[in-house]
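Open the model in your viewer and keep the sequence panel visible. The tour starts at the ligand and then moves out along the chain.

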Amino acid sequence: MHADFFAGGAGEERTLRGNLAAYDRLRIVPRVLRATGERDLRTTLFGTGLSTPVLVAPTAFHLLAHPGGEAATAEGAAAAGTVMVVSMAATQPVEAIAAAGGPLWFQLYPQPDLAFTAAVVKRAEAAGCRALVVTVDSPVFGRRERDLRNRFTDLPDGLACENMRDATGRVRTVEMDATLGWDRLARLREVTGLPLLVKGILHPADARLAVEHGMDGVIVSNHGGRQLDGAIATIDALPAVAETVGRRVPVLVDGGIRRGTDVLIALALGADAVLVGRPVLEALAAGGARGVQRRLERLTADLDHAMALAGAKRPAELTPDLVAVAG
Ligand code: FNR
């Protein structure tokens with residue numbers, strides 16, 4: 001039941017499969033004799049220096065994967081020199097996660113209760129989170145058929161979304177809010193000075209609106225195929241979004257990234273960095289903090305290797321002409 005929760009997607013899982021299949025259709029057109037020497041994968045986002053452009057996507061319920069929970073993931077991400085985005089549906093308190101690792105960003109589903117939303121943001125900020133990732137692809141829950149079949153509705157006894165505790169200590173449920181609009185993101189600005197990223201952008205018109213509304217970053221995502229089944233593969237959506245944003249703010253992408261060559265293609269098509277979800281969950285389940293660290297380091301080493309073979313010293317040298325659609 002829990003493995004299905006981690007692996008599954010919405011509906012027929014077309015988008016889940018599509019995210020992977022889209023990378024399969026793309027090929028790298030390498031450059032030669034570029035004398036790259038050692039590659040340099042260091043990446044700076046919102047003033048934080050990272051050793052890799054591969055970040056940890058926000059995912060729920062890490063205690064279902066490993067007894068170390070989100071703290072183990074944070075430890076692994078920190079050891080790999082990258083950011084972990086803590087899910088609002090984390091099963092450990094953000095303070096405990098921050099004590100185990102960092103840098104952290106915090107993912108938010110804005111709640112209908114604005115005062116409670118503000119309190120959660122303040123709490124994440126006080127715990128040391130350096131950016132806020134607002135997930136906007138979830139006005140309602142995706143229909144995940146594996147979870148429906150398995151009747152997976154609640155966490156087991158003893159586990160809870162620890163960052164949803166209100167002033168009385170009661171744990172609130174994470175609500176999806178179909179009344180969410182750009183006005184509410186503007187209000188978040190009044191609550192926090194942290195950089196604000198919107199996660200779940202696929203249409204270039206929304207990328208334009210994000211920039212116009214002063215967002216600090218855009219994450220091209222279809223929630224790993226868990227929300228709208230039939231949504232476009234993220235790597236297919238990325239070029240138009242990147243072109244619209246025009247380097248005014250960082251553009252990140254997630255969904256289906258499993259190899260360094262996938263990262264290379266995403267960076268070439270306009271991403272400043274990528275995030276990985278399920279690979280981290282699988283590594284956490286199999287090997288705890290060390291497993292997460294190794295998986296992230298492997299992806300980065302794989303990217304480094306691919307960049308050497310494609311003739312790029314730095315991520316910024318990866319350009320769209322290095323990618324072609326397979327015949
Ligand atoms: C997610 N994702 C997610 N996103 C988010 O904004 N808040 C969340 O709480 C979660 N929870 C979550 C749980 C699980 C089990 C998965 C697999 C995913 C989506 C996640 O951030 C990311 O968009 C995708 O996981 C990226 O796709 P890949 O890398 O899993 O293919």
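Select the ligand and the residues near it (a heavy atom within 4 Å): there are 23, and P58, S87, T135, D254 and R258 come nearest. This is a predicted model, in which local features need pLDDT of at least 70 and side-chain atom pairs pLDDT 80 or more, while totals for chains, interfaces and linings use all residues. Residues are numbered from 1 along each chain as its sequence is written, and side-chain values use heavy atoms, without hydrogens or water.

Colour the shell by class: eight residues are nonpolar, ten polar and five charged. Here Ala, Val, Leu, Ile, Met, Phe, Trp, Tyr, Cys and Pro count as nonpolar, Asp, Glu, Lys and Arg as charged, and the others, Gly among them, as polar.

Next, show polar contacts (pairs of N or O atoms within 3.5 Å). The side chain of S87 has an N or O atom 2.7 Å from a ligand oxygen. Ligand nitrogen atoms are reached by the side chain of K199 at 3.0 Å and by a polar side-chain atom of Q107 at 3.1 Å. Taken alone, the ligand exposes 610 Å², of which the protein buries 98%; these areas come from the Shrake-Rupley method with a 1.4 Å probe.

Now display the helices (DSSP runs of H or I, at least four residues) and strands (E, at least two), numbered from the N terminus. Both α1 (2-7) and α11 (278-310) supply at least two residues of the ligand shell.

Select E13, in the loop between α1 and α2 (14-24). Its phi is near 65°, a positive value in a residue other than glycine. Move on to P103, in the loop between α4 (94-100) and β6 (104-108). The peptide bond from G102 to P103 is cis, with omega about 5°. Most residues other than glycine have a negative phi, and most peptide bonds are trans.

Finally, select residues 1-327, which an unreviewed UniProt entry lists as "domain: FMN hydroxy acid dehydrogenase"; such annotations may be inferred rather than shown by experiment. The span is 39% helix and 14% strand, and its end C-alpha atoms lie 39 Å apart.

Definitions and conventions. Polar contact = N/O pair within 3.5 Å; in protein donor to acceptor, adjacent residues only side chain to side chain.
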